Amino acid sequence: MARDMSDKEILKMELDQLKKEVSTPRTPVNANCTDTVAFVEGLAPNDPLIKGVPDDKNPYKGDKGGCIIT
């Protein structure tokens, strides 16, 4: 598509895109990081990757044995 366009048309498209991007609302990185940390810490008590899965709810636990990676 860009090969069929003149340099002027390509520059106009780029300018239009930059005009859209400049009007995008932004938040400071530290605010986003604070929100992300709070979200993760709020979910940590129920996270099976951190807490583990109880044996009675683990479908892979049983007579089959386990898998050990050495």
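Which backbone oxygen does the side chain of serine 23 reach? In this predicted model, the partner is the backbone oxygen of lysine 20, at 2.9 Å. Serine 23 sits in the loop that joins α1 (7-22) to α2. Serine 23 is exposed, because its relative accessibility of 56% is over the 50% cut-off.

The overall architecture is helical. The chain contains 3 helices and 0 strands. Along the sequence the order is α-α-α. The chain has 70 residues, and buried residues make up 1% of them. About 7100 Å² of the chain is exposed. Carbon and sulfur atoms supply 60% of that area.

Confidence was examined next. The mean pLDDT of the chain is 86. A value of 70 or more is reached by 89% of the residues. Helix α1 has the highest confidence, with a mean of 94. Helix α3 (residues 48-51) has the lowest, with a mean of 85. Where pLDDT is low, predicted coordinates should not be read in detail.

Helix α1 comprises 16 residues. From the first C-alpha to the last, α1 reaches 22 Å. This is close to the 22 Å expected at 1.5 Å a residue. The number of buried residues in α1 is 0, so the helix lies largely in the open.

Helix α1 also carries a salt bridge. The structure holds 1 such interaction. It pairs the side chains of aspartate 16 and lysine 12, with an N to O distance of 3.3 Å. Both residues belong to α1 and are 4 residues apart, about one turn of the helix. An α-helix has 3.6 residues a turn, so residues three or four places apart point the same way. The two partners fall into separate accessibility classes. Aspartate 16 is partly exposed, because its relative accessibility of 32% lies between the 20% and 50% cut-offs. Lysine 12 is exposed, because its relative accessible area of 52% is over 50%.

Helix α2 was considered last. Phenylalanine 39 is found in this helix, which spans residues 29-43. With a relative accessibility of 54%, phenylalanine 39 counts as exposed, because that value is over 50%. Phe39 also contributes to a nonpolar surface patch, together with Val40 and Leu43. The patch covers about 300 Å².

Taken together, the contacts described here involve α1 and the loop after it. The salt bridge links aspartate 16 to lysine 12, and both lie in α1. The side chain of serine 23 contacts the backbone oxygen of lysine 20, and serine 23 itself lies in the loop between α1 and α2. The nonpolar patch includes Phe39, a residue of α2.

Definitions and conventions: Residues are numbered from 1 along each chain as its sequence is written. This is a predicted model: local features need pLDDT of at least 70, side-chain atom pairs count only at pLDDT 80 or more; totals for chains, interfaces and linings use all residues. Side-chain values use heavy atoms; hydrogens and water are left out. Patches are made of residues with over 30% relative accessible area and no salt bridge: like charges are joined within 9 Å, nonpolar side chains (Val, Leu, Ile, Met, Phe, Trp, Tyr) within 5 Å. Accessible areas come from the Shrake-Rupley method with a 1.4 Å probe; for residues, only the protein chains shown count as cover. A salt bridge is a side-chain nitrogen of Lys or Arg within 4 Å of a carboxyl oxygen of Asp or Glu. Helices (H or I, at least four residues) and strands (E, at least two) are DSSP runs, numbered from the N terminus. Buried means under 20% relative accessible area, exposed over 50%, partly exposed in between (1.4 Å probe, protein chains only). A polar contact is a pair of N or O atoms within 3.5 Å; within protein, one must be able to donate a hydrogen and the other to accept it, and residues adjacent in sequence count only if both atoms are side-chain atoms. The expected span of a helix is 1.5 Å times one less than its number of residues. pLDDT is the predictor's confidence in each residue, from 0 to 100.
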